Amino acid sequence: MPEAQPASPTVEVDDCDYGGRLEAIRRKEYPQLYDASSQVRTVFLDHAGSTLYAASHIRAQAEEMLATIPANPHSHHAGSQWARDKIDQARDRLLAFFGTTSRDYALVFTANATAAIRLAGELTPMTKDGVFCYTSAAHTSVVGLRGIAADVGAVVRPVEFEELDDVIQPEHTGGTSLVAYPAQCNFSGERFPWDVADKVFRRFPVQANGSGEHPPWWVLVDAAAYASSSPLDLGTLRTGPDFVVVSMYKIFGAPTGVGALLVRRSSVPFLRPKRFFGGGTVNMLSFDHMWQEFRAEIEARLEDGTTDFQAIASLHHALDSHARNFGSMAQVRRHTSSVTQYAVATLRGLRHDNGTSLCLVYGHSGAEFGPIVALNLRDANERFIGYIEVERLAVMAGIAIRTGRFCNPGAARRWLNLTTPNLIRYASLGYACGDDNDVIAGKPVGAMRISFGAMTSREDIDKFAAFLVRHFHNYSCSKAMASAPVSVVGSLSSDWALPPPLPIAQLQVEVDQVVVYPIKSCHGWRVPRDMAWEVTRSGLKYDRSFVVMRENSSIPVQQKRYPRMALIRPRIAGKQLILDAPDHASLVIGLDPATLHLEATQSTVCGSRVQTYRVLSSQISAWLSSVLAIECYLACDPRLLLPPVAEQDEDHLLSSSPSSLSDTATLAKFESVSPKQCATTRSDRSFANESQILLVTLESAQQVAEWIVEEGPGGEASLDNNHKAFGPLQYRPNIVVKSAAQRSSSIARDIQPFEELKWSSVAIGNLQLQVSGPCRRCQMIAIDQESAKSLKEPYSTLARKKRVDGKVVFGIYLDITDGATNAEHSSGPVTSVQSGMLIDVSI
């Protein structure tokens, strides 16, 4: 049966593609969108994050840098004069680009838009009886000004934009106040009028000759999102805002380290005096007295230190390329408006076969909206589909989108109905911005955002819509792959019912492979088939006993960000851990704590703080840094390095807090501590993410491999994979089981693909392991564990074929149940597992 295709828009949209030149512009100026065969490699729909830079801009900048010697503008030789001239000329050109002149506005270069917002807040002379008022669509950086307001005692008042008219009434105004709002919401794309400053000046008139005071209200407009696709035309405003904030890379794609604060000239005499000053901002100062004389020009007075003169000089090429390609910002606005209308119509036209909408688009009715579309997906039963899974699949498909709350708490609250008590509760449970929790208690806590730039095409929208249809058309989050309810990691509530302590075995399976991952996120080591491997209270012995850490970071290095970790191949030989990697000599690490020099530190795994010990070895750190091409070091979990002992004094390890664990006395104290006493908020699972042991079945892996083959040549599943056969080890399991070869038991039978999701417990010898839920998957399973190359499969196919509660899952987590053994206070073995052994399963 053919797959459904995205519906064509049912509304007419105003077309604009620069006179039919758009495709030629894309091919010539944005080659980064295409692969070597001239096929689209990336569908880029994250222009609100940063737009794309033009090839002619970068080439011209590179040629200029090679032909000149740009130098610090604070010096006086030829290169310095060149830099000063370029900076001054760039100011004038940008002011003209924004529809104004240096007579009306001063343009102050900053590090970025956030720095410009902060500077505006520091310059506003707010008073104790004043108010800092910001609207619900404000970016986090604008909300952050409330700290500056609080320092002077001003009242902080968040409002809706519609309330501003009442807020700035004279009868409601006390001291000197600041109102800040965005010209365009970076969450929904909603646009807001530029007339607030004009209303202030009409309600608080000043003398026409300019000798009067500034009105009590100052106005800051964050135009970073707006200016990326629309002309500012500040000169057309009857009265412009006191401050306007813009970002260069939002408009031109580069440079990334330059923002600007436009300050209205008539407001300059009333700015709050600077407290901090840097090089280049003063005419003269005293070293030993509190006296300095600032430069008269407001630009020189506010640009502390050396500006990024090379980046600012490149703005000339950015302006030239932009004008050559797109003509004017008015044409960019017409084009992006056309694309936005087309996108909204297309997405709202996507429906499941039962008639329900696939996409819930926020806004884009009843007001003016810019080229930003925030949305969430809903299944055929109108249940929300997690946006994290959508983003992961989009990455596999070469589509760049943004997910989360987009640093816009007020807009997220409005469009997603997120209350402050909700957010506080989520935070208390360990949830944070940027984690994998996207739908909590049936409600999305964020959204996905697609946004468009001057070079976005309708074909980009069509590809995105086809991607949604391919993966989510007629999908139902309520499809149950397990007869019993399962607990998805991270959900607020769980109806997972624990089975009886010793359930009756209903299936007997055979262990096919046992795999240990001594270093988290590195390649696994297959235990020889003739070797029985110990199972401890923390899982398989030595499994994820080590992590690779970056300096000044508490989060272990992960393979999904650094795929080269797959090239580090560990193997265990007695009391030695041996590491191999291409083009590197083998590295031998002793597993005896007496041979390791350790330093206490901490790491964070899945949001929990974990006591960690840094391995003090320059040789080990240098070897890892060379393989991974990052500065890093090795750290270990001490529990699995300890001998089996009885429970000891709980405070030994924590109270000693040794800086080094290499001396005999400290090591003796270290060895006297039970593994359960190590400082960690997690259960006994070393550095594993969610559970002690991950089990997969050979049959499920074979089923996914068959699905990939069924896609056939030309299908998405075959792209970049060379029809690679993905085996069970692609899913990084600890234990692989298969249908038992010997059917001596009455409960031995063939395993059905994915039936492990119905299992409730597994017995390995005398050890009972509880199934705690399915393993939620990410793009890491699409990294080839042999070559470290990033692929589309098997994640893409698995995501289309099998999900639990909207989450992509494969394999099950096993945890040792309390009371299952008598080794509760031991770090030693509680049983062993070996390839070929039979284990019992309860369903």
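**Strand pairing, salt bridges and surface features**

Strands β21 (residues 533-536) and β22 are paired in the antiparallel sense through two bridges. Within this pairing, threonine 536 has glycine 539 of β22 as its bridge partner. The model described here is a predicted one. Both strands belong to an open sheet of three strands, ordered β22-β21-β36, in which the pairing is antiparallel. The edges of this sheet are occupied by β22 (539-540) and β36 (831-833); each has a single partner strand, so one side of each is left without a neighbour in the sheet.

A further set of pairings involves strand β8. Strand β2 (residues 105-110) is joined to β8 by six bridges, and the two run antiparallel. In this pair, tyrosine 105 is matched with arginine 264 of β8. Strand β7 (residues 243-247) also runs antiparallel to β8, to which five bridges join it. Here serine 247 stands opposite glycine 259 of β8. Strand β8 (residues 259-264) is largely enclosed by the rest of the structure, because six of its six residues are buried. Gly259, Leu261 and Val263 point one way from the strand, whereas Ala260, Leu262 and Arg264 point the other way, and all are buried.

Side chains of opposite charge can pair when their charged atoms come close. The structure contains 29 salt bridges. Two of the residues in helix α1 illustrate different settings for such contacts. Arginine 27 forms a salt bridge with glutamate 23, with the closest N and O atoms 2.9 Å apart. These two residues are four positions apart in helix α1 and are therefore separated by about one helical turn. Arginine 27 is partly exposed, at 40% relative accessibility, and glutamate 23 is likewise partly exposed, at 37%.

Arginine 26 forms a salt bridge with aspartate 460, the closest N and O atoms being separated by 3.0 Å. Because arginine 26 lies in helix α1 and aspartate 460 in helix α16 (residues 458-472), the pair ties together parts that are 434 residues apart in sequence. Arginine 26 is buried, at 3% relative accessibility, and aspartate 460 is also buried, with a relative accessible area of 3%.

A salt bridge also links glutamate 755 to arginine 749, with the closest N and O atoms 3.0 Å apart. Its acidic member, glutamate 755, counts as buried at 9% relative accessibility, while arginine 749 counts as partly exposed at 32%. In addition, a network of salt bridges links Glu389, Arg392, Asp438, Arg776 and Lys807.

Two loops provide examples of residues that are distant in sequence. Arginine 41 is located in the loop between α1 (22-29) and β1 (43-44) and is partly exposed, with a relative accessible area of 47%. Its C-alpha atom is separated by 8.7 Å from that of isoleucine 399, although the two residues are 358 residues apart along the chain. Alanine 397 occupies the loop between α13 (387-396) and β14 (399-400) and is partly exposed, at 23% relative accessibility. A C-alpha separation of 8.3 Å is found between alanine 397 and threonine 42, which are 355 residues apart along the chain.

On the surface, Glu162, Glu163, Asp166 and Glu171 form a negative patch. Of these residues, aspartate 166 lies in helix α7 (residues 164-167) and counts as partly exposed, at 43% relative accessibility.

Methods: Residues numbered from 1 in each chain as written. Predicted model: local features only at pLDDT ≥ 70, side-chain atom pairs only at ≥ 80, totals over all residues. Heavy atoms only, no water. Patch = residues over 30% accessible without salt bridge, like charges linked within 9 Å, V, L, I, M, F, W, Y side chains within 5 Å. Areas by Shrake-Rupley, 256 points an atom, 1.4 Å probe, with all protein chains shown as cover. Salt bridge = Lys/Arg side-chain N within 4 Å of Asp/Glu carboxyl O. Lys, Arg positive; Asp, Glu negative; His and termini not counted. Charge placed at Lys NZ, Arg CZ, Asp CG, Glu CD. Buried < 20%, exposed > 50% of the residue type's maximum accessible area, 1.4 Å probe, protein only. Pairing = 2+ DSSP bridges.
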